[in-house]
Amino acid sequence: MENAFIQTPLGIANIEGDENGLSKISILEGEEKITEIIPEVLEDAVYQLQEYFKGERQEFSLTLNPIGTDFQKRVWEALKRIPYGKTASYMELSKLVGDVKAIRAVAAANGKNPLWIVIPCHRIIGSDGSLTGYAGGLPRKKWLLEHEQPLKQQSLF
């Protein structure tokens with residue numbers, strides 16, 4: 001498994017993967033040295049993430065290899081169908097998975113997503129429109145949702 005540490009607007013991201021695909025992206029709370037030479041198997045992931053943060057990419061085209069149960073992988077596949085700039089509730093995500101009664105299991109699987117941003121778990125909100133739990137913290141979730149809004153608020157001063 002190869003690793004690369006890159007600077008993002010949300011902190012230092014650790015990107016993990018190998019020739020089978022990208023397996024994990026996480027934001028580190030501590031300090032880590034930025035990777036100077038990106039491993040070849042991670043170059044495309046780093047490039048696409050940088051484009052995303054610059055506002056130049058709305059969809060990812062990467063080979064993904066997240067580790068999880070079959071159910072978790074079904075939930076993560078459903079998450080990828082939520083478009084850039086849009087949100088869905090946990091109930092709507094449960095419907096996408098095909099089982100409205102599995103809302104708690106869907107929420108738990110959403111929280112275990114190892115590929116934040118690429119598999120957009122930040123786009124899931126409460127049914128009342130509120131920001132709900134996010135493994136990366138609610139300030140990061142808020143930042144990501146605002147980043148994906150088509151009309152940015154301009155400052156007058």
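**Exercises on burial, strands and pockets**

Ile117 is buried, with a relative accessible area of 1%. Buried stands for under 20% relative accessible area, exposed for over 50%, and partly exposed for values in between (1.4 Å probe, protein chains only). The model is predicted, so local features need pLDDT of at least 70 and side-chain atom pairs pLDDT 80 or more, while totals for chains, interfaces and linings use all residues. Residues are numbered from 1 along each chain as its sequence is written, and side-chain values use heavy atoms, without hydrogens and water.

**Exercise 1. Find where Ile117 sits, and give its phi angle.**

Step 1. Ile117 belongs to the loop between α4 and β5 (124–125). Helices (H or I, at least four residues) and strands (E, at least two) are DSSP runs, numbered from the N terminus.

Step 2. Phi of Ile117 is near 75°. This is a positive value, and the residue is not a glycine.

Step 3. Put this beside the burial value: Ile117 has a relative accessible area of 1%, so it counts as buried.

**Exercise 2. State whether Lys54 is buried or exposed, and place Lys54 in the chain.**

Step 1. The loop between α1 (43–53) and α2 holds Lys54.

Step 2. The relative accessible area of Lys54 is 60%, so Lys54 is exposed.

Step 3. To relate Lys54 to another part of the chain, take Lys112, which is 58 residues away along the chain. The C-alpha atoms of Lys54 and Lys112 are 26 Å apart.

**Exercise 3. Work out how β1, β2 and β3 are joined.**

Step 1. Begin with β1 (residues 2–8) and β2 (residues 11–18), which run antiparallel and are joined by 7 bridges. For two strands to pair, DSSP must find at least two bridges between them.

Step 2. Name bridge partners. Glu2 has Gly17 in β2 as its bridge partner, and Phe5 has Asn14 in β2.

Step 3. Look at the turn: a hairpin of 2 residues connects β1 to β2.

Step 4. Go on to β3. Strands β2 and β3 also run antiparallel, with 6 bridges between them. One bridge pairs Ile15 with Ile25 in β3. Here too a hairpin makes the link, passing through 2 residues from β2 to β3.

**Exercise 4. Decide how many residues of β2 and of β3 are buried, then examine Gly11.**

Step 1. In β2, 8 of 8 residues are buried, and the strand is mostly covered.

Step 2. In β3, the count is 6 of 7 residues buried, which means that the strand is largely enclosed by the rest of the structure.

Step 3. Gly11 is a residue of strand β2. With a relative accessible area of 18%, Gly11 is buried.

Step 4. Gly11 and Ile27 are 16 residues apart along the chain, and 6.2 Å separates their C-alpha atoms.

**Exercise 5. Describe the lining of the largest pocket and of the second largest pocket.**

Step 1. A pocket is an open set of 1 Å grid points where a 1.4 Å probe fits, with protein on both sides within 12 Å along at least five of seven lines; lining residues have an atom within 4 Å of a point.

Step 2. The largest pocket has 18 lining residues. Nearest its centre are Gly111, Asn113, Trp116, Ala135 and Gly136. Two elements, β3 (21–27) and α4 (103–111), each give two or more residues to this lining. The largest share, 4 residues, is that of β3.

Step 3. Sorted by class, the lining of the largest pocket has 9 nonpolar, 6 polar and 3 charged residues. Nonpolar covers Ala, Val, Leu, Ile, Met, Phe, Trp, Tyr, Cys and Pro; charged covers Asp, Glu, Lys and Arg; the others, with Gly, are polar.

Step 4. The second largest pocket is lined by 14 residues, and Gln58, Glu59, Phe60, Lys80 and Val118 are the closest to its centre. Its lining holds 9 nonpolar, 2 polar and 3 charged residues.

**Exercise 6. Locate Arg81 and relate Arg81 to Glu148.**

Step 1. Arg81 lies in the loop between α2 (70–79) and β4 (88–89).

Step 2. Along the chain, Arg81 and Glu148 are 67 residues apart. In space, their C-alpha atoms are separated by 15 Å.
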